[in-house]
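Q: I'd like to learn how to read charged pairs and burial in a model like the one below. Could you walk me through it?

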Amino acid sequence: SCVHTENCFVPTSEIIAVEETELNKKQRNIGKWQKMAKPYAFTVYYVKKARNHRWRCSDVTFWCVDEQLCNQWIQALKELLEMQTSRPKQLLVYINPYGGKRQGKRIYEQKVAPLFSLASISTDVVITEHANHAKDNLFEVNINKYDGVVCVGGDGMFSEVMHGLIGRMQKDSGIDQNNPKAPLVQCNIRIGIIPAGSTDCICYSTVGISDPVTSALHIIVGDCQPLDVSSVHHNNTFLKYSVSLLGYGFYGDILKDSEKKRWMGPMRYDYSGFKTFLSHHYYEGTISFQPAKHTVGSPRDKDSCRTGCYICKKSEQQLSEQHKECGLKREEDEEEWKVIRGKFLAINAVNMSCACPRSPKGLSPAAHLADGSADLILVRKCSRFDFLRYLVRHTNQDDQFDFSFVDVYRVKSFQFTSKVSEDNESNVTDIGKKRFGQFCRDHPVCCCNIANSTWNCDGETLDSSAIEVRVHCQLMKLFARGIEENCKDEAAYSQSSIEQLL
């Protein structure tokens with residue numbers, strides 16, 4: 001019979017591989033096995049859960065004297081693994097060799113490739129040579145032969161792969177991405193993120209940690225987490241897709257300033273953030289939005305999005321029922337739009353909490369990954385001291401929306417027009433505008449009104465200040481399972497564990 005040293009329960013869904021094991025002489029000389037003619041053994045590689053959502057590959061070896069019994073066990077376990085149909089067998093991998101600390105290739109080869117090989121996953125690897133290489137390549141490859149696309153890099157690399165994959169799906173289905181009202185086709189091919197960038201916000205918000213081995217193991221066991229995607233348009237022209245942050249004002253200005261200081265590395269964000277905070281610019285404009293009436297949750301309900309999220313499932317059901325009842329026509333009904341004019345220091349629309357190690361709760365702690373809505377946060381013009389109080393609350397446990405100058409709404413679409421765009425017909429010439437902007441930049445201490453900010457879309461700048469945004473419910477899927485509740489015993493309650501087979 002098989003024996004093993006530690007008492008551990010492993011769900012079959014978290015077994016990585018089973019292999020026949022040759023026992024060496026040293027191992028055979030241990031205690032019981034000395035009397036045996038020839039012990040037969042096999043090793044089970046499985047997911048071991050550590051603290052802070054970190055996963056590791058662990059293994060346990062089983063011995064017995066009977067060769068046939070040993071083979072039966074190996075066979076039975078391999079059949080169990082074959083039944084895990086959600087697991088990928090063939091992956092397309094894009095590696096950004098330049099992102100972050102330029103460690104992408106090394107991280108993949110040393111930490112990830114051996115695990116894929118152990119799990120018998122075959123891969124086609126493309127090392128990207130220039131911007132949009134992965135995106136362009138996704139329009140050319142035979143996408144149907146893959147069970148998933150993996151990107152090794154940061155949020156920028158993920159964004160590129162996502163644009164390629166969503167774009168390819170729409171092209172194959174004959175859908176015009178430039179039409180802001182077009183219902184987009186869902187992507188059934190999952191994307192895996194191996195974090196190797198300077199910012200890995202999406203990985204952190206969907207897995208709970210930014211760690212290459214953990215992410216590789218989520219891909220191997222075939223996890224699936226649907227994700228809402230927002231489309232951004234300007235004048236019936238498609239600009240970008242966003243999955244985390246769309247920020248105008250404060251976050252747009254930080255990004256624009258930091259782009260000029262790439263030589264500083266990740267430190268540029270701190271420098272630009274401090275500079276932007278001091279300049280304290282506000283922007284005038286009009287924001288109109290459609291409240292997300294289908295969602296079960298609200299931005300201030302303290303219900304965080306977790307693995308198997310009830311709010312996401314229920315909201316998705318309600319949304320599809322709404323579509324069945326009234327089609328898309330009623331959605332465009334004017335009555336549903338709410339309009340707000342004002343002077344804003346920041347306008348942020350987030351599809352997920354945007355949590356990261358510095359801000360463990362994120363910009364909107366109760367935002368959901370897959371409920372078909374975004375949280376729209378409006379920070380009105382206020383004093384520097386008040387704005388600082390608001391920013392500090394992202395790092396502690398206080399309610400960051402509990403300020404008279406902050407409003408938050410759960411929306412399914414919104415439009416923004418800056419006052420400058422509205423006044424374009426007036427006599428103010430472009431030269432005047434430029435001069436006015438220049439004057440403000442030369443005197444950053446004044447609390448003044450620059451004509452326009454830029455939109456920060458998942459870490460990339462958008463040129464248009466006037467945009468139209470629509471949330472597409474669960475447009476794509478990730479190899480992730482959301483953030484798990486911190487429960488050490490959850491694996492122990494699993495119905496299908498090796499322990500029961502023994």
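A: Happy to, and keep in mind that this is a predicted model. Let's start with one pair: the side chains of R54 and D211 meet in a salt bridge, with 3.2 Å from N to O. R54 sits in the loop between β2 and β3 (55-64), while D211 sits in the loop between α6 (201-207) and α7 (212-220). The two are 157 residues apart, so this pair links distant parts of the chain.

Q: What is the general idea behind such a pair?
A: Side chains of opposite charge can pair when their charged atoms come close.

Q: Are R54 and D211 buried or exposed?
A: The cut-off for buried is under 20% relative accessible area, and partly exposed runs from there up to 50%. D211 is buried because its value is 7%. R54, at 32%, counts as partly exposed.

Q: How many salt bridges does a search of the whole structure find?
A: The search turns up 18 of them. One is between E14 and K49, whose closest N and O atoms are 3.3 Å apart. E14 lies in the segment before β1 (15-21) and K49 in strand β2 (residues 40-49), so this pair ties together parts that are 35 residues apart in sequence.

Q: And how do I read burial for E14 and K49?
A: Use the same cut-offs. E14 has a relative accessible area of 5%, so it is buried. K49 comes out at 26%, which means it is partly exposed.

Q: Which helix holds both E109 and K105?
A: That's helix α3 (residues 104-118), where the two lie four residues apart, about one turn of the helix. E109 forms a salt bridge with K105, and their closest N and O atoms are 3.1 Å apart. Both count as partly exposed, E109 at 44% and K105 at 36%.

Q: Which residues are joined into one network by salt bridges that share partners?
A: E14, K49, D223, R481 and E484 are. You've already met two of its members, E14 and K49, as a pair.

Q: Let's try a residue outside those pairs. Where is N137 found?
A: N137 is in helix α4 (residues 133-138). Its relative accessibility is 16%, so N137 counts as buried.

Q: What is N137 in contact with, leaving aside its neighbours within four places in sequence?
A: Those contacts are Y94 and V126. Try picking out N137 in the viewer, then look for these two partners.

Terms used. Residues numbered from 1 in each chain as written. Predicted model: local features only at pLDDT ≥ 70, side-chain atom pairs only at ≥ 80, totals over all residues. Heavy atoms only, no water. Buried < 20%, exposed > 50% of the residue type's maximum accessible area, 1.4 Å probe, protein only. Contact = heavy atoms within 4.5 Å. Salt bridge = Lys/Arg side-chain N within 4 Å of Asp/Glu carboxyl O.
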